[in-house]
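Trainee: Got a minute to go through this one with me? I'd like to start with the aromatics.
Mentor: Sure, pull it up.

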Amino acid sequence: MRRVAPSLGIRAPSLYKHLSDKDALEAAIISTGFEDQAARFEAATENCQDPLDALARAYREFAGQQATGENLDLARAAWAFAYGMTTLELNGRFPPDADLDAAWRHGIDALRPAASTAGSTDGP
């Protein structure tokens, strides 16, 4: 509550006038995210020739940019990591004793510092 309140321009105790507890705040944030996502998807598919393609593009943009603070290079790297790890796991390419949870944590941790220090780009 203390971290969220300043971004809204209020003090943490004031949040309790609108939400009962931290769980209610979390639910409100998630709900707002889904509403934002739905609005983007609806806008992307209105009056277009290929709604499926438009929906996929809107999802890709929303998911990658939201998770990486609008850093497109980091979004691409995170997607490649997740896709590669998932594909390798589904195809049984890891040794039976591989700690995949640890590998995922290390991969995400390796990407995390870039999220806070790198800027957004629109390069290829």
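Mentor: Start with helix 5 (residues 72–90): Trp-79 and Tyr-83 are 4 residues apart there, so about one helical turn separates them. Keep in mind that this is a predicted model.

Trainee: Are Trp-79 and Tyr-83 buried or exposed?
Mentor: Both are exposed.

Trainee: How many aromatic pairs turn up in the whole structure?
Mentor: A search finds 3. One of them is tilted: the ring centres of Phe-41 and Tyr-59 lie 6.3 Å apart, with 45 degrees between the planes, which is neither under 30 nor over 60.

Trainee: Where in the chain do Phe-41 and Tyr-59 sit?
Mentor: Phe-41 belongs to helix 3 and Tyr-59 to helix 4, 18 residues apart, so this pair links distant parts of the chain. Phe-41 is buried, at 17% relative accessible area, whereas Tyr-59 is partly exposed at 44%.

Trainee: And what's the geometry of Trp-79 and Tyr-83?
Mentor: They form a stacked aromatic pair, 6.4 Å centre to centre and with 25 degrees between the planes.

Trainee: Switching to helix 3, how many residues does it have?
Mentor: It has 24, covering residues 22–45. From first C-alpha to last, helix 3 reaches 35 Å, close to the 34 Å expected at 1.5 Å a residue.

Trainee: What's going on at its two ends?
Mentor: At the start of helix 3, a side-chain oxygen of Asp-21 comes to within 3.2 Å of the backbone nitrogen of Asp-23. Just after the helix, Asn-47 has a positive phi of about 50 degrees.

Trainee: Which residues of helix 3 are buried?
Mentor: Leu-25, Gln-37 and Phe-41. Helix 4 (51–67) is included in what covers the buried residues of helix 3.

Trainee: What does Leu-25 touch?
Mentor: Setting aside neighbours within four places in sequence, Leu-25 is in contact with Met-1, Val-4 and Leu-19. Leu-25 is also part of the largest nonpolar core, which has 6 residues, the others being Met-1, Ala-5, Ala-12, Leu-15 and Leu-19.

Trainee: Last thing: what's the average pLDDT of the protein chain?
Mentor: It averages 84, and 90% of the residues score at least 70.

Trainee: And where does pLDDT stay under 50?
Mentor: Over residues 118–124. The model has 10 contacts for that stretch beyond four places in sequence. Where pLDDT is low, predicted coordinates shouldn't be read in detail.

Conventions
Residues are numbered from 1 along each chain as its sequence is written. This is a predicted model: local features need pLDDT of at least 70, side-chain atom pairs count only at pLDDT 80 or more; totals for chains, interfaces and linings use all residues. Side-chain values use heavy atoms; hydrogens and water are left out. pLDDT is the predictor's confidence in each residue, from 0 to 100. Contact means heavy atoms within 4.5 Å. A nonpolar core is a set of buried Ala, Val, Leu, Ile, Met, Phe, Trp, Tyr and Cys residues joined through side-chain atoms within 4.5 Å. Buried means under 20% relative accessible area, exposed over 50%, partly exposed in between (1.4 Å probe, protein chains only). Helices (H or I, at least four residues) and strands (E, at least two) are DSSP runs, numbered from the N terminus. The expected span of a helix is 1.5 Å times one less than its number of residues. A polar contact is a pair of N or O atoms within 3.5 Å; within protein, one must be able to donate a hydrogen and the other to accept it, and residues adjacent in sequence count only if both atoms are side-chain atoms. Rings of Phe, Tyr and Trp (its six-membered ring) pair if their centres lie within 6.5 Å; planes under 30 degrees apart count as stacked, over 60 as edge-to-face and the rest as tilted.
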